[in-house]
Amino acid sequence: MRLRPGTWLRERCGPAARRRAGARLLRPAPRSWVVLCLAVVLGVAVSTSLRENWGSDNAFVVKAADTLLAGGSPYEDKRFLYLPSAVLLAVPEALLPRAVLRWLLPAGISALVAAGWWASLRLFSVPVRSRFAVGGFALLALAYKPYVNLVLIGNWTAVSAAALPLALLLAHRRSWTAAGLVVGLAIASKPMLVPVGLLFVLARRWRGLAAAVAVPAVLSLVGALLMPSPTLFFTKTLPFLLGGQDAYALPWDASPIAVLPRLGVPEPVAVAVAFAGAGAGLWGAWRRWQRPDSAEVDGGELRLAETACMVMLAAFLVSRPSFDHYLLVVLPLLLASGVRPGSAPRSPWFWLALTPQVALVPWPSELAHKRRAFKDMATLCGLAVLLARRALRRGRVILEPVTTAGSPPRTEPECAATPAQSASRTAF
């Protein structure tokens, strides 16, 4: 018997088919999948170690640590834009031979991103040996170009990519103070997770917020006491950072404040658009936090993850600069949330926003190399708009049955009630 087209589509693409596909993804991955995933990750790390331009961003931090060990001020170099605490954390790298660091740095960056993926999976109770976990990370490393870029340049964004999911996992387990310590340590290495402090404010977890502030403050104070002229951070580095750096970073800056003027938009208009988008994102984060998930569907981890991601995306819209690999801070959380009904990855718009970053998609030469900031801004704005739209939508209202005193509760709609049998037969 042939099926009608509508029936065939419902069987192939309906809710039951999606549930079966989700169940297959959560099954344990074959050993061949694990081997393939390790081969992809190690292949990216090894190929990076063999390149001449590996670790270009990490070199600025190592140079700052070398300057400190030599008795100079790290902030004499305008390219060093981190807190004084980062200099202390970079000292072990400065003591390693360059030949050793060449192999350890790409592997360490890959391990940090993998740790963020692991924490994201645990937050949503996804088995780490599942097909979703193993295959998902292999596809991320193989097809998502910012992952390869992050491993190549060795940027310390990888610390934040591992710290944010881990902090949310601890917060979901009611360990907000430990989550604050993790966030504080990440800020001490690179002040990227500063906006996450808003999450502690929304949750009214003041001890966790105090821990997130105290760790980088104490480490920065120690670092400032050990270096000459620490005030250069305020007189030289901070103005340079707030000004969006210079032409060196402009071709890769994905912030709308930097990209829109390159498209002919006046700079004041670009600034207004970026701050309006960031304001809408923060408003969406607040609305998302005020709308808890249904206890039958989710235990609160989806609200926690989407609120944190919304805060970070709002910050990326106005930060100068804002690079493509910044999205790796929020992307593992968003991808792992796909196991929850109604999450962002369940929408085709989510994958459309990621399309510009797929390594296998050919693009015109005008969008390659130094013009890639246009693609990065499209992905950043697309994800921000998608999450903001989901956060600002009204929650679904479920009407409970209403009973009056002396009447039994109804368990089914009145129109679906079974009629009572008549005592006499009808004439028909």
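**Buried cysteines, salt bridges and local backbone features**

Cys 37 has a relative accessibility of 10% and counts as buried, because the limit for a buried residue is under 20% relative accessible area. The model described here is predicted. Cys 309 is likewise buried, with a relative accessible area of 0%. A search of the whole structure for disulfides returned 0.

Salt bridges, by contrast, are present, and the structure holds 5 of them. One of these joins the side chains of Lys 63 and Asp 77, with an N to O distance of 3.9 Å. This pair links distant parts of the chain, 14 residues apart. Lys 63 belongs to helix H4, which spans residues 56-69, whereas Asp 77 is placed in the loop between H4 and helix H5 (84-95). The two partners fall into separate accessibility classes. Lys 63 is partly exposed, at 47% relative accessibility, and Asp 77 is buried, at 18%.

A salt bridge is also formed by the side chains of Arg 320 and Asp 253, at 2.9 Å from N to O. Here two loops are connected across 67 residues of the chain. Arg 320 is in the loop between helix H16 (301-318) and helix H17 (331-336), and Asp 253 is in the loop between H13 and helix H14 (256-262). Asp 253 has a relative accessible area of 0% and is therefore classed as buried. Arg 320 also takes part in an unusual backbone feature, as a cis peptide bond joins this residue to Pro 321, with omega at about -5°. Pro 321 is itself located in the loop between H16 and H17.

In the salt bridge between Glu 301 and Arg 340, the closest N and O atoms are 2.5 Å apart. Glu 301 is part of helix H16, and Arg 340 is in the loop between H17 and helix H18 (348-354). The two residues are 39 positions apart, and the pair links distant parts of the chain. Both Glu 301 and Arg 340 are buried. In addition, a network of salt bridges links Arg 288, Glu 306 and Arg 390.

Two residues other than glycine were found with a positive phi. For Arg 204, phi is about 55°. Arg 204 is located in the loop between helix H11 (197-203) and helix H12 (206-226). With a relative accessible area of 66%, Arg 204 is exposed, since the class of exposed residues begins over 50%. For Ser 229, phi is near 55°. Ser 229 occupies the loop between H12 and H13. Its relative accessibility of 40% makes Ser 229 partly exposed.

Helix H13 covers residues 232-242 and includes Lys 236. Lys 236 is partly exposed, at 31% relative accessibility. Residues up to four places away in sequence aside, Lys 236 touches Tyr 75, Glu 76 and Lys 78. The C-alpha atoms of Lys 236 and Lys 78 are separated by 7.4 Å, although these residues are 158 positions apart along the chain.

Ser 189 is a residue of helix H10, which runs over residues 176-189. The relative accessible area of Ser 189 is 4%, which means that this residue is buried. Its side chain reaches the backbone oxygen of Ala 186 at 2.7 Å. Beyond its neighbours within four places in sequence, Ser 189 is in contact with Tyr 82, Ala 86, Leu 89, Trp 156 and Val 159.

On the surface, Leu 38, Leu 42, Val 46, Leu 50 and Trp 103 make a nonpolar patch of about 510 Å². Helix H3 (residues 31-49) contributes the largest share of this patch, with 3 residues. Val 46 is one of the patch residues and lies in helix H3. At 38% relative accessibility, Val 46 is partly exposed. This value meets the condition for patch residues, because they need over 30% relative accessible area.

Key
Residues numbered from 1 in each chain as written. Predicted model: local features only at pLDDT ≥ 70, side-chain atom pairs only at ≥ 80, totals over all residues. Heavy atoms only, no water. Helix = DSSP H or I, 4+ residues; strand = E, 2+ residues; numbered from the N terminus. Buried < 20%, exposed > 50% of the residue type's maximum accessible area, 1.4 Å probe, protein only. Polar contact = N/O pair within 3.5 Å; in protein donor to acceptor, adjacent residues only side chain to side chain. Contact = heavy atoms within 4.5 Å. Salt bridge = Lys/Arg side-chain N within 4 Å of Asp/Glu carboxyl O. Disulfide = S-S within 2.5 Å. Patch = residues over 30% accessible without salt bridge, like charges linked within 9 Å, V, L, I, M, F, W, Y side chains within 5 Å. Areas by Shrake-Rupley, 256 points an atom, 1.4 Å probe, with all protein chains shown as cover.
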